[in-house]
Amino acid sequence: MKLAYWMYAGPAHIGTLRVATSFKNVHAIMHAPIGDDYFNVMRSMLERERDFTPVTTSVVDRHVLARGSQERVVDNITRKDREEHPDLIVLTPTCTSSILQEDLENFVERAQLDAKGDVLLADVNHYRVNELQAADRTLDQIVQFYINKARKKGDLVEAKSEKPSVNIIGMSTLGFHNQHDCTELKRLMADLGIEVNEVIPEGASVHNLKRLPRAWFNLVPYRELGMMAGEYLQKEFGTPMVDITPMGVVETARCIRKIQQVLNAQGADVDYENFIDQQTRFVSQAAWFSRSIDCQNLTGKKAVVFGDNTHAAAMTKILAREMGIHVVWAGSYCKHDADWFREQVSEYCDEVLVTDDHGAIGDAIAKAEPSAIFGTQMERHVGKRLDIPCGVIAAPIHVQNFPIGYKPFLGYEGTNQCVDLVYNSFTLGMEDHLLEIFGGHDTKEVITKGISADSDMGWTKDGQAELNKIPGFVRGKVKRNTEKFARDRGIDKITVEVLYAAKESVGA
């Protein structure tokens, strides 16, 4: 169990709760001490849901520790079953309550005797997996549970739909722009003449999971959620899985061509080349913009990318391949899927980082001195301290990343949003010039604290005054080089002489 004040991927029970609360009429019982029950507040605030979050905490307290949990857990399950009439109740411990090593499977079996709806224990090892892995496993578990239940009852729908159809797998509550992406993917499928069979888990009924085999293929746009369910359906029913994330012009076209291949292999006769050409030239503005004078101003500028596998890999390709931006390094915190990430981005960046150490990422950003960052909210905070603009492309996120307006990242409209994000994240030449003229960059106090804990240095009045004379767009780099020069030589106060000496040592 890892203790940290910042985690890129949350604990396992958050992933389970994200999946459970995405389905319609599914209730979650969280077996946890008070303090682990922040999910309800987080979901209500970020998703701006009008309905009450269907999660109940079965509190572990001193009485439970003295007498055992079974009676309380079973009572909470049967009470919610009686009050809410859910189709399914999912029981999950947290990493804290898992310490008790209780037989929760037995609790579920006992509760199922009295409950009218289904009761399921989230089969997740809270010590070995994080939020993303737990969400993927929970979705797969629920899908398998209802497929097997339908098979036993003899009402599993295995016949393929008459027209080409798709299951979109992986849309969930608290996902990064998931609602907008889902809308865009539905529009894209409609344009391609493909019916949407089911979208899971967001907004789906568990009773409709028996209809999943009807689809001609499964579209899994995110590596982090849906892969296990997609692989299960492919193995069990032979349903092909398309797992190419349609983010950016090139990858969206590649995804559509893969769908064309999958459909034609099953007897369809579709040709999407004209559609791809029309969308690329007239709906998406990305290809046109990449040849414009505005985008040419970005050519060769340095950027770093960090996030989950899906968005970090896609953004790295967009920056390097479609916009001519130099990606110094690309990174991901999904260590469990590191090989895939390295394979995807290695040819588009100078270096690949796979770590969940936010301090190491902050230091890597400071060392690289990029013109822009594309990362999570943590990297945005790092950028604020270093005066480097940051576009947020992946979770962890906060309420500003749940826009009320339409802002997908996938599909052809998503390409426009990505280009806008990239372009607006860089401080362009004229903007920097105007900031200098009107003093927008400057304050009387120069911030001297960097990212590393040991990077704060004292500046004398004359040294600080001289630093203020340096143009804003390079001042941060000069400051950090000077502080490193002083630290290496044991100097604790930076004077104007030290500043000049540091500039000479780097040939500035």
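This passage describes strand S3, the neighbouring residue Asp87, and salt bridges in helices H4 and H20 of a predicted model.

Residues are numbered from 1 along each chain as its sequence is written. Because the model is predicted, local features need pLDDT of at least 70 and side-chain atom pairs count only at pLDDT 80 or more, whereas totals for chains, interfaces and linings use all residues, and side-chain values use heavy atoms, with hydrogens and water left out. Helices (H or I, at least four residues) and strands (E, at least two) are DSSP runs numbered from the N terminus.

Strand S3 spans residues 88-93. All 6 of its 6 residues are buried, so S3 is largely enclosed by the rest of the structure; buried denotes under 20% relative accessible area, exposed over 50%, and partly exposed in between (1.4 Å probe, protein chains only). In a regular strand, side chains alternate between the two faces of the sheet. In S3, Leu88, Val90 and Thr92 point one way, and Ile89, Leu91 and Pro93 point the other. Strands are taken to pair if DSSP finds at least two bridges between them. S3 runs parallel to strand S1 (residues 26-32), to which 6 bridges join it, and Met30 stands opposite Thr92. S3 is also parallel to strand S4 (residues 118-121), with 4 bridges between them; here Leu88 has Asp118 as its bridge partner.

Asp87 is found in the loop between helix H4 (70-84) and S3. Asp87 is buried but has no salt bridge, and the nearest side chain of opposite charge, that of Lys24, is 8.4 Å away. For this purpose Lys and Arg count as positive and Asp and Glu as negative, while His and the chain ends are not counted; a salt bridge requires a side-chain nitrogen of Lys or Arg within 4 Å of a carboxyl oxygen of Asp or Glu. The side chain of Asp87 does make a polar contact of 3.2 Å with that of His207. Such a contact is a pair of N or O atoms within 3.5 Å; within protein, one must be able to donate a hydrogen and the other to accept it, and residues adjacent in sequence count only if both atoms are side-chain atoms. Residues touched by Asp87 (heavy atoms within 4.5 Å) include Asn25, Gly117, Asp118, Tyr146 and Ser205, not counting residues up to four places away in sequence.

The whole structure holds 21 salt bridges. In helix H4, Arg79, Lys80, Glu83 and Glu84 are linked in a network of such bridges. Glu83 and Lys80 form one of them, with their closest N and O atoms 3.7 Å apart; being 3 residues apart in H4, they are separated by about one helical turn. Glu83 is partly exposed, at 45% relative accessible area, whereas Lys80 is buried, at 11%. Glu71, also in H4, is exposed, at 59% relative accessibility. The C-alpha atoms of Glu71 and Ala111 are 9.7 Å apart, although 40 residues separate the two in sequence.

A further salt bridge joins the side chains of Arg480 and Glu369 (2.8 Å, N to O). Arg480 lies in helix H20 (residues 472-488) and Glu369 in the loop between helix H15 (358-368) and strand S12 (372-375), so the pair ties together parts that are 111 residues apart in sequence. Arg480 is buried, at 16% relative accessibility, and Glu369 is buried, at 18%. Also in H20, Lys479 and Glu483 are 4 residues apart, or about one helical turn. These two form a salt bridge with closest N and O atoms 3.5 Å apart, and both Lys479 and Glu483 are buried.
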